[in-house]
Amino acid sequence: MKPIELVVFDMAGTTVTDRHEVEVCFMQAAARTGLSVTPERVLALQGYAKRQVFEMLWVELLGEKHPELSEYVDISYTEFCSILEDHYLEHDIFPTEGCLEIFEYLKSQDIKIALTTGFYRKVANIILGKLGWLKGLDHQYKGDGSGIIDVSITPDDVLKGRPEPFMIQKAMEVLGVKDAQRVINIGDTPSDLKSGLRAGVRLSLGVTNGTHTRSQLNIHRNDGLLPNLLALKPIIEEISEKSLAV
């Protein structure tokens, strides 16, 4: 059994406390720009790249061949960006339960930490900056070992965001991890789970203290659902023990 070299974490709802403020920002932008959508539909699309969400929602409403589709998407997305940036600039931001403890544990085991997100780079940086997690990252957002995380990847850095596997694969590339079986992916949305499965990682896990409940995540294929991030520790310890026993 191969040991774990890298854990890839989602941000909002997984490592960053999310009290459904992203959904609220989506609903506000939708209401202001004439996009009719339910909170349940917005929740189902959490974890996707944010512009992609508006594309999907407007296609559902207008059809993909509507001549003004791109204009509607642009207007809604621009409004959303303004609302979201203002929210994170004006409000305190906190790590989730067990987040800092699991980061410390992973560091002690020489396991790399990557953050992926559905946020575009500007918002990701606002959040990382407020948490102090930009420390040690270079202009490509790769760490020098002095900070909390080893790399930050956003949809801006890859061809497509979640549920595609590209952000996980990008993190592996940047950090020199060649075998996906040495990687664990963890998030709080169905798109997080799908991304990990498509990347072929060792485990694609969900946490149930984020934006989705256990029952909401359990209907999606996964390799385990955890109450919080600290519950990841015994899983990694078991893998490490088995790798040493081989």
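**Close-up views of a predicted model**

**View 1. Strand β2, tucked inside.** Four of the five residues in strand β2 (residues 112-116) are buried, so this strand is largely enclosed by the rest of the structure. Keep in mind that this is a predicted model. On one side, β2 pairs with strand β1 (residues 6-10) in the parallel sense, over five bridges. You can follow the register through L6, which stands opposite K112 in β2, and through D10, which stands opposite T116 in β2. Strand β3 (residues 151-153) also pairs with β2 in the parallel sense, this time over three bridges. Look for A114 here: its bridge partner in β3 is V151. To get from β2 to β3, the chain goes through helix α6 (residues 121-131), and the resulting β-α-β crossover is right-handed.

**View 2. The whole sheet, strand by strand.** Zoom out a little and you have an open sheet of six strands, running β3-β2-β1-β4-β5-β6 with parallel pairing. The edges belong to β3 and β6 (225-226); each has a single partner strand, so one side of each is left without a neighbour in the sheet. As a reminder of how such sheets hold together, strands pair through backbone hydrogen bonds, either parallel or antiparallel. Helix α7 (residues 166-175) packs on this sheet and touches β1, β2, β3 and β4 (183-187), with its direction at about 150° to that of β3. Helix α8 (residues 190-199) packs on the sheet too, touching β1, β4 and β5 (203-207), and its direction makes about 170° with that of β5.

**View 3. Helix α6, the crossover helix, and its cover.** Eight of the 11 residues of α6 are buried, so the helix is largely enclosed by the rest of the structure. Which residues of α6 are the buried ones? They are R121, V123, A124, N125, I126, I127, L128 and L131. The cover over these buried residues includes α4, β2 and β3. Just after the helix comes G132, with a positive phi near 80°. If you want one residue to centre the view on, try N125, which lies in α6. With a relative accessibility of 19%, N125 counts as buried, since the cut-off is under 20%. Setting aside neighbours within four places in sequence, N125 is in contact with L134 and Y141.

**View 4. Helices α1 and α4, crossing at a slant.** The axes of helix α1 (residues 21-32) and helix α4 (residues 69-90) come within 9 Å and cross at roughly 140°. That angle makes α1 oblique to α4. The crossing of these two helices is right-handed. Which residues of α1 meet α4? From α1 they are E21, V22, C25, F26, Q28, A29 and R32, and they meet S76, E79, F80, I83, L84, H87 and Y88 in α4. A handy rule for reading such a list is that an α-helix has 3.6 residues a turn, so residues three or four places apart point the same way. Also in α4 is T78, which counts as exposed at 52% relative accessibility. For a sense of span, T78 and L244 are 166 residues apart in sequence and 51 Å apart in space, C-alpha to C-alpha.

**View 5. Helices α5 and α10, side by side.** Here the axes of helix α5 (residues 99-108) and helix α10 (residues 232-245) come within 10 Å and cross at roughly 20°. The two helices are therefore roughly parallel to each other. The crossing in which α5 passes α10 is right-handed. On the α5 side the contact is made by I102, Y105 and L106, and on the α10 side by L232, K233, I236 and E237.

**View 6. F103 and its surroundings.** Is F103, found in helix α5, buried or exposed? F103 is buried, with a relative accessible area of 3%. Its contacts, not counting residues up to four places away in sequence, are F9, T15, I113, L115, W133, I148 and I149. Finally, check the pair F103 and L230: they are 127 residues apart along the chain, yet their C-alpha atoms are separated by 9.1 Å.

Terms used
Residues are numbered from 1 along each chain as its sequence is written. This is a predicted model: local features need pLDDT of at least 70, side-chain atom pairs count only at pLDDT 80 or more; totals for chains, interfaces and linings use all residues. Side-chain values use heavy atoms; hydrogens and water are left out. Buried means under 20% relative accessible area, exposed over 50%, partly exposed in between (1.4 Å probe, protein chains only). Two strands pair if DSSP finds at least two bridges between them. A crossover is right-handed if, with the strands pointing away from the viewer, the path from the first strand over the helix to the second runs clockwise. Axes are lines fitted to C-alpha atoms, for helices over the stretch in contact, and angles run from 0 to 180 degrees between N-to-C directions. Angles under 35 degrees count as roughly parallel, over 145 as roughly antiparallel, 65 to 115 as roughly perpendicular and the rest as oblique. A crossing is left-handed if the near helix is turned anticlockwise from the far one by less than a right angle, and right-handed if clockwise. Contact means heavy atoms within 4.5 Å.
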